[in-house]
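Take a walk through this fold, starting with its sheet. From there the path leads to the helices, the cores and a few single residues.

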Amino acid sequence: MARKRYKKPPIYDLAGRCIGYEAPEKGIRIIECEKAEADRIICQHHYSHKVTQNSFVSQLGVYQGRVEGALQCGYGIRPKIKGEYRPEEVREFDRMWLSDTMPKFSETIVLSLFHHYMRLAHPEVKVLISYADTTAGNNGTIYRAANYELIDRLRADFYLLPSGERVHPVSMWHRHGTRAWDFLQRQYPGIVHIRDGYQLKFIKRL
C-alpha cells in the first residue's frame, strides 16, 4: 500500500524568507529558533550530549503544539563525496532528537520537512551526509525509511569521556594538539577508546 503523502507548506517570515516547514494534518512543524534553545535540547537529550560545533543550520526547533525536539546541521569534517559534489554543495546532518511523546512515524515526517526546508532555504546544498552510530544502537532505520543511501561503513573510532561525551579523534586533536593515550588518560581519568562497531555513512540527495 502506498504511503500517504501529507501537504507540507513552507513557513515564511515577514520578509518572505523561508524559516521552516509544516505538516498541518499532523500538527508538526519545524521552524528556526534561538540557537541557545536548540543547543539546550540537544545537550540535554541527544545521546552524544553535545551540539554541532561547525554549525550551518543549528537552530531548528520541532513543534507539535509545544517544543518536541530539535535539528542541527553542520559543515562536517569530511564533506567531500568523491567524483559527485563539490565540498560547498555538501552539508552534514548531525543531530536530531524528538520527544517520545510524538506519534509513530514522526521521525520520517520531520526528516521530510527538513529536506523541504533545505531545498527552499538553502538551494546551494545538493546533498546531506549523516552517520548512524552502531555503538549507540543506531542502525540507520530512520534514514533508510527516508530514502537515504548507505555509501560506507567506517570502523568506530572515538573517545567516550566519563561525562558521557563522545569525542571524535579529530576534535580531540584540535582540543589538545595530541592524541597520546597517556596524556588523554591523565586528562580524562576513566576515558575509553571505542573501536568496536561502525559509523554507517548515509547520503540524501536533495
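Two strands count as paired here if DSSP finds at least two bridges between them. The model is predicted. In it, nine strands make up an open sheet with mixed pairing. Their order is β1-β2-β3-β4-β5-β6-β7-β12-β8. Strands β1 (10–12) and β8 (149–155) form the edges, each pairing on one side only. From one strand to the next, the twist averages 25°.

Look next at one pair inside that order. Strands β6 (residues 90–98) and β7 (residues 127–133) run parallel, joined by three bridges. Here Arg 91 stands opposite Leu 128 in β7.

Now add the helices. Helix α1 (residues 35–45) packs on the sheet and touches β4 (55–63), β5 (67–74) and β6. Its direction makes about 100° with that of β5. Helix α2 (residues 106–121) also packs on the sheet. The strands that α2 touches are β1, β2 (18–23), β3 (28–32), β4, β5, β6, β7 and β12 (198–205). The direction of α2 makes about 150° with that of β2.

What fills the interior? In soluble globular proteins, nonpolar side chains tend to be buried together. In this model the largest nonpolar core has 29 residues. Those with the most contacts inside it are Ile 30, Leu 71, Phe 114, Tyr 117, Met 118 and Tyr 148. Two or more residues come from each of β2, β3, β4, β5, β6, α2, β7 and β12. Helix α2 gives the largest share, seven residues.

Met 118 shows how such contacts reach along the chain. Beyond its neighbours within four places in sequence, Met 118 is in contact with Phe 56, Val 57, Pro 123, Val 125, Leu 128 and Leu 206. A second, separate core has ten residues, among them Ile 11, Ile 41, Val 51 and Tyr 63.

Is Gln 72 buried or exposed? Gln 72 sits in strand β5. Its relative accessibility is 0%, so Gln 72 counts as buried. Its side chain has polar partners in the backbone. A polar atom of that side chain lies 3.0 Å from the backbone nitrogen of Thr 52. A polar side-chain atom of Gln 72 also lies 3.1 Å from the backbone oxygen of Ser 58. Setting aside neighbours within four places in sequence, the contacts of Gln 72 include Ala 38, Asp 39, Ile 42, Val 51, Phe 93, Asp 94 and Arg 95.

Move on to a loop. Gly 140 lies between β7 and α3 (141–145). With 7% relative accessibility, Gly 140 is classed as buried. Not counting residues up to four places away in sequence, Gly 140 touches Ala 132 and Phe 202. Val 51 is 89 residues away along the chain, and the two C-alpha atoms are 20 Å apart.

Finish with the cysteines. A disulfide needs two cysteine sulfur atoms within 2.5 Å. By this rule the model has zero disulfides. For Cys 33, the nearest cysteine sulfur is that of Cys 43, 13 Å away. Why is Cys 43 not bonded to Cys 33? The two sulfurs are 13 Å apart, which is too far for a bond. The burial of each cysteine can be read as well. Cys 33 counts as buried because its relative accessibility is 17%. Cys 43, at 37%, counts as partly exposed.

Conventions
Residues numbered from 1 in each chain as written. Predicted model: local features only at pLDDT ≥ 70, side-chain atom pairs only at ≥ 80, totals over all residues. Heavy atoms only, no water. Buried < 20%, exposed > 50% of the residue type's maximum accessible area, 1.4 Å probe, protein only. Helix = DSSP H or I, 4+ residues; strand = E, 2+ residues; numbered from the N terminus. Axes fitted to C-alpha atoms, helices over the stretch in contact; angles between N-to-C directions. Contact = heavy atoms within 4.5 Å. Core = buried A, V, L, I, M, F, W, Y, C linked by side-chain atoms within 4.5 Å. Polar contact = N/O pair within 3.5 Å; in protein donor to acceptor, adjacent residues only side chain to side chain.
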